Amino acid sequence: ALTTEAEKPLTIADLLKTSRAILLGDPGTGKTTITRYITYSLAANDLSNIGSELQGRIPILIRIANFAKAYEQDSTLHMIEYIAKELTPRAEFGNYLSWAVEQGICLIVLDGLDEVADSSLRIRITDRIQNMVASYSENQYLVTSRIVGYDQSPLTQEFQHATLQELREEDKNRFVRLWYDAIQNETGSTVQPKGADDLISALSNKPQISRLAANPLLLTILVLMHWRGIKLPSRRV
């Protein structure tokens, strides 16, 4: 679930209706997973969960930390040059992507603004992002960052901000069931046919651990522990 600054609930499709969006979230809440999902869905032309407004957009996924490393080597590097020359292993792919950016038909996803640890470098990278948006304004942009530290180099008010929320009880239960289904489909295992129910019951009886399970990454770890027969801890520590 997502919310705006005014605490209005959003879906991914709602967020992507705007041409400029910032997705904020705590560690492990799924920011990178969402960017990969959006990119894959658009490339596969599966718009069921990302919205029909994206029809025809070319997805370009950039890890901001990787761009920052390239920028440190060449402080004149513009992001479109990075897309053309360094983002893909083959020149024809880079040429096509830079052409698409110039045509204004892309969804440009910039993942992990917070991963630029040096604050002064992060400010310069933020300026580069703003320059990219100003120079190629017809494209759509989605930027992700952790909440902590974002206010040190925020993007301008033209961006709509949304925040990933913790998993609710029904989200956690569905997550566990889907994970167990995926594990059993992959491994063919039927050792724990009621594994999902057992874990859901265990979490309900351990409120300290259940609170940890509101984070998708930590819940994934708990599922894998339980599936492997490791006893769940009784305390948060």
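User: Which residues touch the most other members in the largest nonpolar core?

Analyst: In this predicted model, the residues that touch the most other members of the largest nonpolar core are I62 and I129, and that core has 33 residues in total.

User: And which elements give two or more residues to this core?

Analyst: The strands that do so are β3 (20-25), β4 (58-63), β5 (106-111) and β6 (140-146), and the helices are α3 (64-73), α4 (79-85), α5 (91-103) and α6 (119-135). In soluble globular proteins, nonpolar side chains tend to be buried together.

User: What does I129 touch, leaving out residues up to four places away in sequence?

Analyst: With those neighbours in sequence left out, I129 touches I64, M79, L110, L113 and L155. Apart from the core that holds I129 lies another one, made of 17 residues, with L16, I38, I50 and L164 among them.

User: Let's switch to α2. What span should it have, and how far apart are its end C-alpha atoms?

Analyst: Helix α2 covers residues 31-43, and its 13 residues should span 18 Å at 1.5 Å a residue; the C-alpha atoms at its ends are 18 Å apart, so the expected span and the model agree.

User: Which residues of α2 are buried?

Analyst: The buried residues in α2 are K31, I34, T35, I38, T39, S41 and L42. They lie on the same side of α2, because the arc they cover around the axis is only 165 degrees. An α-helix has 3.6 residues a turn, so residues three or four places apart point the same way.

User: What is exposed on the other side of α2, and what covers the buried residues?

Analyst: On the other side of α2, the exposed residues are T33, R36, Y40 and A43. The cover over the buried residues of α2 includes the helix α1 (12-15) together with the strands β3, β4, β5, β6 and β7 (160-164). Just after α2, N45 takes a positive phi of about 60 degrees.

User: Different topic: how many aromatic pairs does a search of the whole structure find?

Analyst: The search finds three aromatic pairs. In the pair of F67 and Y71, the ring centres are 6.3 Å apart and the planes stand at 35 degrees, so this pair is tilted.

User: Where do F67 and Y71 sit with respect to each other in α3?

Analyst: F67 and Y71 are four residues apart in helix α3, so about one helical turn separates them. Together with Y82, F67 and Y71 form one aromatic cluster.

User: Are F67 and Y71 buried or exposed?

Analyst: F67 counts as buried because its relative accessibility is 1%, and Y71 likewise counts as buried, at 7% relative accessibility.

User: What about Q165, where is its place, and how far is its C-alpha atom from that of A70?

Analyst: Q165 is found in the loop between β7 and α7 (169-187), and its relative accessible area of 31% makes Q165 partly exposed. The C-alpha atoms of Q165 and A70 are separated by 33 Å, and the two residues are 95 residues apart along the chain.

User: Last bit, the overall picture: how many helices and strands does the protein have, and what does its C-alpha trace span?

Analyst: The protein has 10 helices and seven strands, and its C-alpha trace spans about 55 × 35 × 35 Å along the principal axes. Of its 237 residues, 46% are buried, while the protein exposes about 12900 Å², with carbon and sulfur atoms supplying 50% of that area. Among contacts with a separation of 6 or more, 72% come from residues 24 or more positions apart.

Notes. Residues are numbered from 1 along each chain as its sequence is written. This is a predicted model: local features need pLDDT of at least 70, side-chain atom pairs count only at pLDDT 80 or more; totals for chains, interfaces and linings use all residues. Side-chain values use heavy atoms; hydrogens and water are left out. A nonpolar core is a set of buried Ala, Val, Leu, Ile, Met, Phe, Trp, Tyr and Cys residues joined through side-chain atoms within 4.5 Å. Buried means under 20% relative accessible area, exposed over 50%, partly exposed in between (1.4 Å probe, protein chains only). Contact means heavy atoms within 4.5 Å. The expected span of a helix is 1.5 Å times one less than its number of residues. The arc is that of the directions from the helix axis to the C-beta atoms. Rings of Phe, Tyr and Trp (its six-membered ring) pair if their centres lie within 6.5 Å; planes under 30 degrees apart count as stacked, over 60 as edge-to-face and the rest as tilted. Accessible areas come from the Shrake-Rupley method with a 1.4 Å probe; for residues, only the protein chains shown count as cover.
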